[in-house]
Amino acid sequence: MQWLSALAGAIAFAASAAALTVPDLTGPEWTLTAINGVALTGDRPPTIFFSRDRDAALGAVRTVVNGFSGCNRYVGSYGLNERGHIRIEIRGMTKMACDGPRMELERNFLAALGAMANFELRQDRTMSMTSGDGTTRLDFKQEAPKPAN
């Protein structure tokens with residue numbers, strides 16, 4: 001009888017996990033507002049844009065991330081799940097040189113972005129990402145979508 005109770009619990013857990021949905025990060029671009037709680041200054045902060053499309057040749061959904069890193073543009077892929085876990089992999093970027101502070105911002109942003117493991121979306125169109133060990137945090141805001149004309 002105890003195994004029946006355990007089986008029922010496992011089925012209930014699986015059903016509740018299946019009901020969870022993966023948040024949708026696509027839409028308007030996200031703008032970085034702070035790294036580790038320190039607000040950014042400057043006229044051109046890093047950004048991130050999430051998109052998804054169907055790859056007809058592979059028959060699968062392709063997830064793409066791209067944006068501005070403080071000096072250069074980057075492109076890569078991402079994966080996320082309903083439990084708030086995220087993985088971002090930068091696959092390529094432009095190779096322009098910028099002044100020292102912009103290059104330092106870019107290095108810090110890209111290093112942090114590659115370490116992100118968790119994300120939290122809020123109703124006010126803000127998002128925080130944290131590293132797996134909790135030592136690094138990126139805060140973003142998203143502009144409201146523009147109405148179609």
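Which residue caps the N-terminal end of H2? Select Asp99 in this predicted model. A side-chain oxygen of Asp99 lies 3.0 Å from the backbone nitrogen of Arg102, and Asp99 thereby caps the N-terminal end of the helix.

Next, select residues 100–115, which make up helix H2. The helix has 16 residues. From its first C-alpha to its last, H2 reaches 23 Å, close to the 22 Å expected at 1.5 Å a residue.

Now colour the buried residues of H2: Leu105, Glu106, Phe109, Leu110, Ala112 and Leu113. Turn the view to look down the axis of H2; the buried residues fall within an arc of 165°, so they line one face of the helix. An α-helix has 3.6 residues a turn, so residues three or four places apart point the same way. Add Arg107, Ala111 and Gly114 to the selection: these are exposed residues on the face of H2 turned away from its buried side.

From the helix, go to Arg125, in the loop between strand S7 (116–121) and strand S8 (126–131). Check its backbone: phi of Arg125 is near 65°, a positive value in a residue other than glycine. Arg125 has a relative accessible area of 29%, and because buried means under 20% and exposed over 50%, Arg125 counts as partly exposed.

The last stop is Asn36. Select the loop between strand S1 (30–35) and strand S2 (38–39), where Asn36 is found. Asn36 is not a glycine, yet has a positive phi of about 50°. With 45% relative accessibility, Asn36 is partly exposed.

How values were computed
Residues numbered from 1 in each chain as written. Predicted model: local features only at pLDDT ≥ 70, side-chain atom pairs only at ≥ 80, totals over all residues. Heavy atoms only, no water. Helix = DSSP H or I, 4+ residues; strand = E, 2+ residues; numbered from the N terminus. Buried < 20%, exposed > 50% of the residue type's maximum accessible area, 1.4 Å probe, protein only. Expected span 1.5 Å × (residues − 1). Arc of directions from axis to C-beta. Polar contact = N/O pair within 3.5 Å; in protein donor to acceptor, adjacent residues only side chain to side chain.
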